[in-house]
Amino acid sequence: MSSKPVVLIAEELSPATVDALGPDFEIRHCNGADRAELLPAIADVDAILVRSATKVDAEAIAAAKKLRVVARAGVGLDNVDVSAATKAGVMVVNAPTSNIVTAAELACGLLVATARNIPQANTALKNGEWQRSKYTGVELSEKTLGVVGLGRIGVLVAQRMSAFGMKIVAYDPYVQPARAAQMGVKLLALDELLEVADFITVHLPKTPETLGLIGDEALHKVKPSVRIVNAARGGIVDEAALYTALKEGRVAGAGLDVYAKEPCTDSPLFELDQVVCTPHLGASTDEAQEKAGIAVARSVRLALAGELVPDAVNVQGGVIAEDVKPGLPLAEKLGRIFTALAGEVAARLDVEVYGEITQHDVKVLELSALKGVFEDVVDETVSYVNAPLFAQERGVEVRLTTSSESPDHRNVVTVRGTLASGEEVAVSGTLAGPKHLQKIVAVGDYDVDLALADHMVVLRYEDRPGVVGTVGRILGEAGLNIAGMQVSRTEEGGEALVVLTVDDTVPATVLTEISAAIGANSARSVNLI
């Protein structure tokens, strides 16, 4: 039996995918499209890699008792039940940027093909017909291209088609006019775009709001000379309405790569000579498949190591700013320290982030802290997916507070919790210097300044002479070396706090001896490995 995590590859993927996984995994293969083969194959695997033919639905997820990651080597996730995966604590990742160039290039190809009737003329000539006049087309130069959806692919199409001398207008309610203007694109309302465009290309996600967006009403507003391309998602352009518009001469042509139901081999649109059709080839290039495979393989490696995966679709945080990334391990360690100090799960947990870093989206730091909080609480592996579920199951209210003001440190993260008794426990940390040294800077109301270590002890006691010597003596007799120490107090003769970093784990018996010897109000051992 292999002790390595098991990765199931359920469809044909680029050889570079296996290379990117590396030697740390046991690789298995199955035909994911064959349900009878998939369900037993997935039962004991840690991760599954699929494309579009394998349905990873609730039944498959329930059958996979050890599953931690579902990786889709592509963009769409129509074949993955993300909700069921999230409830099961399974991370879902895809490769959102792997095919953007490939998809943009296909859309451009369909635009050119519909303008110049290239596929139709090719077929006719191969059938022995020389029909130059029948396939007279139109120029792209000086025509208006309407880009519906100015996301990454829409922007690439706009850039490429502007090189043909086209005037670019776009509809996208989530893009600011100034940003569009920088790209040489004029933003219009959808109705305005429909009225002025000579060509329309669709680059929107498929949502309840976008389904049927280019339907019968919209197709009554376009120029009769318009040519429409959809290489995004099937159903955004209403196929029945498009067929009627083409038959009635209200639309001159169309280029389609996607369909409402796929695979689609029988559509009235296929009967029309002015329609150019391809079988969902948007991501079908060697380069895109290799990029997708490598991207999800890297994500699987991160996920199975318990790290945050930027491309995980069911993990809060999204794309992580470079300035935020160094704070992830710090926040996670602060979460673990909090749990060690509290000794129980908090009723309410606040993650507070202060300083320059808050100019970025720091939601991911809350998630990282939450992962640390439950790391030593539950028997299961805690991930960035299931940490919020553990909090929800235990009725923990979690809040994130941010402010750009941080008087004492450039940036600081605090994990603060209110226990069932009403007691508050808090620990704060920061990153120092170009090497991002992780430091603990406060425990509750006590200021400290100590580099984090794998093994620490936190003691609270009534301030009096000789305590530090007693602690050092007991640790020395136990063969435990003190690496660092910080003593803090709010007033002379009141309660004091000492934080020690030591080279090895302090056994419970030694900690009990220290606590008794100094009359500690609290004695906690923290182990971060």
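**A four-stranded sheet and its helices**

In this predicted model, four strands form an open sheet in the order S20-S21-S19-S22, and their pairing is antiparallel. Strand S20 (482–489) and strand S22 (522–527) lie at the edges, each pairing on one side only. From one strand to the next, the twist averages 15°.

Within this sheet, strand S19 (residues 455–462) pairs with strand S21 (residues 495–502) in the antiparallel sense, and eight bridges link the two. A handy place to look at this pairing is Met456, which stands opposite Thr501 in S21. Two helices also pack on the sheet. Helix H13 (residues 327–342) touches S19 and S22, and its direction makes about 150° with that of S22. Helix H17 (residues 508–518) likewise packs on the sheet with contacts to S19 and S22; the direction of H17 makes about 20° with that of S19.

Stepping back to the whole chain, the secondary structure comes to 17 helices and 22 strands. The chain has a radius of gyration of 30 Å, well over the 24 Å given by the globule rule for 529 residues, so it is more spread out than a compact globule. Along the principal axes, the C-alpha atoms fill a box of roughly 105 × 55 × 40 Å.

Burial and contacts complete the picture. Of the 529 residues, 49% count as buried. The chain exposes about 24,800 Å², of which carbon and sulfur atoms supply 49%. Among contacts between residues at least 6 apart in sequence, 63% join residues at least 24 apart.

Conventions:
Residues numbered from 1 in each chain as written. Predicted model: local features only at pLDDT ≥ 70, side-chain atom pairs only at ≥ 80, totals over all residues. Heavy atoms only, no water. Pairing = 2+ DSSP bridges. Axes fitted to C-alpha atoms, helices over the stretch in contact; angles between N-to-C directions. Contact = heavy atoms within 4.5 Å. Rg over C-alpha atoms; globule rule 2.2 N^0.38 Å. Buried < 20%, exposed > 50% of the residue type's maximum accessible area, 1.4 Å probe, protein only. Areas by Shrake-Rupley, 256 points an atom, 1.4 Å probe, with all protein chains shown as cover.
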